[in-house]
Amino acid sequence: MVSKSGARDIILSQIKQDFVTPANAIFDYLDIVEKALSKLDVPSDDELDQIKSSCTKLINQYDEAFNLYTNQNSSKSQKSPEEYSELRHNLRTPLNAIIGYGEILIEDFEEDLPESRTRRIIINDLKHIIDLARSTEKAIETFVDFIRGEDVEMEDASSSNIESAEALFKSLGDIEYSISLSDEIKASDILIVDDNKTNCEVLERRLSMSGLKSRTAYDGETALAEVKKKTPDLILLDVILPDINGLELLKRFRSKHTNESLPVIMVSAFDDVDSIAKCIQLGAQDYLPKPINGTVLLAKVVSSLERKLLREREKELVNELHIQATTDQLTGIANRRVIFDTIQNASVREKRKDYKPFMIIIFDIDFFKNVNDTYGHAGGDEILKSFATLLNTEISEPNQVGRIGGEEFLAILYIDEDTAETFIKDLINKIQKNSIEYENQTINITSSGGVAFSNESENASDLVNKADKRLYMAKKSGRNRFVLNNSEISGEK
Amino acid sequence: MKILYVEDNEMNRDMLSRRLSRRGYEVLLAFDGQAGLDMMKSEKPDLVLMDMGLPVVDGWDATTQAKADPEISSIPIIALTAHALESDKQKALDCGADDFDTKPVDFKRLLSKIDSFLA
């Protein structure tokens, strides 16, 4: 059951959002205007500072009233009508200054600055500051009504203001100034999740000023869909959302993506240590308190994107090292260490329940020295590659083949003695028929082999020795043949 | 044209007085209700902009007193309040204010009100 004080807290936090959000957006726009002015080499005006300090006053007044109300345990009869009037007066006074100074600045700039794209942008931003201040008026009335004990109906954040903001942004187009970020970083894909359109657009603007591209989602479901469509490189996630709360959303992202594959920076007006700690605990990479400072925003975003890029490069490198450590460079199949390890593991496993009988074969290409002498090392390499490819095709998972040196290959196959003969016959045939094209010549080779079965020894090196001895026998008795424990299979002459 | 602006908030005083000066008005300033009344008597402005939330003597009292004093009762007073309610407007007019506007000020609207008195 939602308690009455619980419901009150929700309405209060909604009022606070409606109030603080435009005030913070005013700070953001002031910052953007200052940057644009410095681009025009126009010194920043006193009026900008006046607006800033009025805005600070506005937030302070509000906080004061807000705390006073929430601390007094609220009986509506505790305040006199005069006190409500004073509260309203105190809150509206700084608004008056913000709007007035904003209008003074617009007049000044229209008179003093030569017509340019940047001037148009500055004036539009100032108009937006004025609109934001006017939208705060409504929040003040709602707040005062609420603490007077009147029923307050919460609307979806004043939609007309949002629409005007939208139109304004469309008229702005892209901003061309940017700090120098690498193209790799600029190619990053950032997802902004915030139900407040003004916040989203301010963030988008700030990022685009540095050349960063972003997508936006205004609620949790849309955010999930956007991530499903394409995993972004970074998410800026507001804690308060209309449908799914930000922390819950973070949990859902974490069920599918790690902190490394999908970094999330939480954005919130809650700046207490507990909330921040909770976000980090749930897998957020970082935390941005509202009001967002443009410099801190950019630093955190860029460092997060850089970290992700580095991690990806590291992963690639580790992957490459792994491939190098486990692969035979010339032929691309498993190397000596890998195939010996596999046989070792298979013989250890023999003592366990999941025992599967296996056999090993050592291959040695016949007369390989002659091949090398006739066709040179390059020709020899081509033959090794082709032979390795053939073996790798015929000996597929869970069976494995590796090159153990020179023209020698070693394979492990999980088949019993009965099927072994058929397999080897077929393989000898395929080796003989495998024609290798090299410098307009067709080369055919044969191979000898020694075979040993897992039931002959529990020891892997014993087994390899047995196979090696049988290979020697196969060579001695005329090559192009495979010697098993008590039989021999030879190829056609 | 001389306008007396009675306002305790420094920022607003500076802002609105600059805007009026730019429009060619001579602007006099008073910081509280009592000083406002004194200046109405000594300077005889053409119009008074009276903020209603003032220290010492508040705007409501100052307006009531000004309208009761035959020496200055003819000077038009526009009351500025942060109160948008109809009852506040009525309260201001009951004190004898000649017109009424709300804060934050819509400057164009305020100018047209000023002009209507000074025309």
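Buried means under 20% relative accessible area, exposed means over 50%, and partly exposed is in between (1.4 Å probe, protein chains only). This is a predicted model, where local features need pLDDT of at least 70, side-chain atom pairs count only at pLDDT 80 or more, and totals for chains, interfaces and linings use all residues. Residues are numbered from 1 along each chain as its sequence is written, chains are lettered from A and ligands numbered from 1 in the order in which they are written, and side-chain values use heavy atoms, leaving out hydrogens and water.

Q: Does A:Lys475 count as buried or exposed, and what is its relative accessibility?
A: Let's use the cut-off: buried means under 20%. A:Lys475 falls on the buried side, because its relative accessibility is 18%.

Q: How far apart are N and O in the salt bridge of A:Asp366 and A:Lys475?
A: A salt bridge here is a side-chain nitrogen of Lys or Arg within 4 Å of a carboxyl oxygen of Asp or Glu. The side chains of A:Asp366 and A:Lys475 meet that rule, with an N to O distance of 3.0 Å.

Q: Which residue of chain A forms a salt bridge with B:Arg22?
A: B:Arg22 is partly exposed at 38%. Its partner counts as buried at 15% relative accessibility, and that is A:Asp108. The closest N and O atoms are 2.7 Å apart in this pair, B:Arg22 and A:Asp108.

Q: Is A:Glu47 buried or exposed?
A: A:Glu47 shares a salt bridge with B:Arg18, at 2.0 Å from N to O. With a relative accessibility of 5%, A:Glu47 is buried.
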